[in-house]
Amino acid sequence: MVSKDSFQQWRDEKFENLQHQTNAKLKVVIVGGGPVGGAAAVVFRKKGYVVDIYERYDPNKADQNSSRSINLVLTRRGLRIAEELGYR
């Protein structure tokens, strides 16, 4: 069984080598600008990727009387993502 750390190191080396070989920045496209899409964008951007986010909801065209609410619960997974984003 491969440990998580060794897999992440292997993955990072592969992507770094690929980026140097192509002489271009790797691009990531994220569909959905909610909490997970936003967190993923931050993680990829910190790793040097060019990030595009596509979201169908346009807050500029929303009815003023309607509102969107996203309920968030901080579980272990949520806390781990927050730590990776630099929050402690």
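In this predicted model, 11% of the 88 residues of the chain count as buried. The chain exposes about 8,000 Å², of which carbon and sulfur atoms supply 53%. Three helices and two strands are present, and from the N terminus on the elements follow the order α-β-α-β-α. Of the contacts between residues at least 6 apart in sequence, 39% join residues at least 24 apart.

The largest nonpolar core consists of five residues, namely Leu 26, Val 28, Ile 30, Ala 41 and Tyr 49. In soluble globular proteins, nonpolar side chains tend to be buried together. Ala 41 is also one of the buried residues of helix α2, the others being Gly 37, Ala 39 and Val 43. When neighbours within four places in sequence are set aside, the contacts of Ala 41 are with Ile 30, Val 51 and Ile 53. The buried residues of α2 as a group pack against β1, β2 and α3, the last of these covering residues 76-84.

Helix α2 comprises twelve residues, 35-46. At 1.5 Å a residue the expected span is 16 Å, and the end C-alpha atoms lie 17 Å apart, so the model agrees with the expected value. After α2 comes Gly 48, which has a positive phi, near 95°.

A search of the whole structure returned one salt bridge. The partners are Lys 27 and Asp 52, with a separation of 2.9 Å between the closest N and O atoms. Lys 27 belongs to strand β1 (residues 27-31) and Asp 52 to strand β2, so the pair ties together parts that are 25 residues apart in sequence. The two partners fall into separate accessibility classes: Lys 27 is exposed, at a relative accessible area of 55%, whereas Asp 52 is partly exposed, at 22%. The value for Asp 52 is to be read against the cut-off for burial, which is under 20% relative accessible area.

Strand β2 (residues 50-54) also contains Tyr 54. Together with Val 29 and Val 31, Tyr 54 forms a nonpolar patch on the surface, and the accessible area of the three residues together is about 340 Å². Tyr 54 counts as partly exposed because its relative accessibility is 49%, the class of exposed residues being reserved for values over 50%.

Note on methods. Residues numbered from 1 in each chain as written. Predicted model: local features only at pLDDT ≥ 70, side-chain atom pairs only at ≥ 80, totals over all residues. Heavy atoms only, no water. Patch = residues over 30% accessible without salt bridge, like charges linked within 9 Å, V, L, I, M, F, W, Y side chains within 5 Å. Areas by Shrake-Rupley, 256 points an atom, 1.4 Å probe, with all protein chains shown as cover. Salt bridge = Lys/Arg side-chain N within 4 Å of Asp/Glu carboxyl O. Helix = DSSP H or I, 4+ residues; strand = E, 2+ residues; numbered from the N terminus. Buried < 20%, exposed > 50% of the residue type's maximum accessible area, 1.4 Å probe, protein only. Expected span 1.5 Å × (residues − 1). Contact = heavy atoms within 4.5 Å. Core = buried A, V, L, I, M, F, W, Y, C linked by side-chain atoms within 4.5 Å.
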